[in-house]
There are 2 protein chains.
Amino acid sequence: MSAAWAGPDRFPVAVDAVLFGVSAGALKVLLIRRGAEPFLGRWALPGGFLRAGETLEQGVVRELAEEAGVRPDPLVQLGAFSAPGRDPRGPVLSVAFMGLVRVEDHVPHADTDAADAAWATMGALPPLAFDHAEVLKAGHERLLALTRSEPVGLNLLPEAFSLGALQALYEAILGRPLDKRNFRRKALASNLLRDTGLTQLGVAHRAARLYRFDAEAFANRGAGIFL
Amino acid sequence: MSAAWAGPDRFPVAVDAVLFGVSAGALKVLLIRRGAEPFLGRWALPGGFLRAGETLEQGVVRELAEEAGVRPDPLVQLGAFSAPGRDPRGPVLSVAFMGLVRVEDHVPHADTDAADAAWATMGALPPLAFDHAEVLKAGHERLLALTRSEPVGLNLLPEAFSLGALQALYEAILGRPLDKRNFRRKALASNLLRDTGLTQLGVAHRAARLYRFDAEAFANRGAGIFL
DNA sequence: GCAAAAGTGTTGGCACTACACCCATGA
DNA sequence: TCATGGGTGTAGTGCCAACACTTTTGC
């Protein structure tokens, strides 16, 4: 067993990310246009190959920093994809992640592997390389599930924000309108928001109170929900 | 790029399974005692290395057939684990699955890699090899989550079963008692059970009606729930 | 007749939905 | 004064949890 045993088969491992952002009241996904074969010129999810000595999380964080200059928070694993033929180069295992990113933080720019990068609107997506359509679907489902059980998306807002802005964010993520009074009731009842005492400035209507997220209260209770 | 490029790093990929079963009213996990280094003699989750040419699902199904003679249904992916040092041999990626198995279907037997195999009771577990304690925790959480959203565990019952047996199964999985009247109301309201017209035989008390699971009704509605 | 499990309804609380109007502000 | 978003309460509905007794059967 120690001499004749060549060791297990080895596989290239890719890490890919479904990065969501909100812009102009709509949910967006970050896509890159491939600058190399296979699928040259096709849109794809950002990602790359895992290197020896790094964990999956480290790998995807490195790739996203290199390829898109972003550091998503939260960043959760979706799972591993291994469908035969998903990569024409051969058997490549892909571990996918889903994350949220401020759209303003990302300055789309070309790269060695990425000829172009852009935020695509959910519901108006181009055809994607590899099995990325399937991965994106899994990411979207995960985002919706997570939104219903945790206060996701607060990182996308400024430090102090109005309840109107919070509601608009959730409406963009969920893709449907929410009832204002019910939303406010639940948001305030969650006990995760603290009134900063500040109000909006320079708006052409009544100034809204600004709140901040109470990270400590959140940590002490595990899971909270806004809607 | 075609000549100087040695290609991406390659990794051994392991597939491991958290297999749950119910026996004597308690939730059990299938463990094997390792018959090889590393962790010789330690208890571990069943699993093995992925081979070239197979998907992750195929790999874990093959390993479980070889190592334990079982074919779990359902079998769902938990995700990939890559913590540094999880395998002392070096960086090994592990993709974990969670599945349900009839305890009677598994005849524990030794194997080249497994010196022994046994059903361990949740809550009275031995120390585990690798990062399997963490994987098991993820599997348990997934089982509970799945149980709350889908009629999981029906495969563990015989073709025709009583509502009492169904309730006992769910109590074992969830690890807590359930209210009989509420459970029956929801189970029958789910429209996933059909009265077979049969009753129990040879019991020292009133004979229960026996039901069967209506797979067609389940397929037509996607997700149903019993409790 | 007794042990053991089957079978059966009602109630109160809570969470969710739907819904419409006045208020403050700047242009 | 008007346009724009901020801010507020109530009523109806449905789900869920809690709860105890009678029935059937075999021994």
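1. K180(B) reaches a base of DNA strand C. In this predicted model, a polar side-chain atom of K180(B) sits 2.8 Å from a base nitrogen of that strand. K180(B) is also listed among the closest residues around DNA strand C.

2. Chain A makes base contacts too. R181(A) places a polar side-chain atom 3.2 Å from a base nitrogen of DNA strand C. R206(A) uses its backbone instead: a polar backbone atom there is 3.3 Å from a base nitrogen of the strand.

3. Now the wider surroundings. DNA strand C has 18 residues around it. The closest are V203(A), K180(B), R184(B), H205(B) and R209(B). Of the strand's atoms that come within 4 Å of the protein, 40% belong to sugar and phosphate.

4. Which kinds of residue form the surface near DNA strand C? Eleven are charged, four are polar and three are nonpolar.

5. Two helices deserve a look here. Helix 4 (180–189) of chain A and helix 4 (180–189) of chain B each contribute at least two residues to the surface near DNA strand C.

6. How are chains A and B related? Chain A superposes on chain B through a rotation of 179 degrees, with 0.0 Å of shift along the axis. The RMSD is 0.1 Å. This is therefore the relation of a two-fold axis. Both copies use the same surface, as 100% of the contact residues of chain A recur in chain B.

7. Which residue of chain A comes closest to the rotation axis? G79(A) does, with its C-alpha at 2.2 Å.

Definitions and conventions
Residues numbered from 1 in each chain as written. Chains lettered and ligands numbered in written order. Predicted model: local features only at pLDDT ≥ 70, side-chain atom pairs only at ≥ 80, totals over all residues. Heavy atoms only, no water. Near = heavy atom within 4 Å. Polar contact = N/O pair within 3.5 Å; in protein donor to acceptor, adjacent residues only side chain to side chain. Helix = DSSP H or I, 4+ residues; strand = E, 2+ residues; numbered from the N terminus. Nonpolar A, V, L, I, M, F, W, Y, C, P; charged D, E, K, R; others polar. Least-squares fit on C-alpha atoms with pLDDT ≥ 70 in both. Contact = heavy atoms within 4.5 Å.
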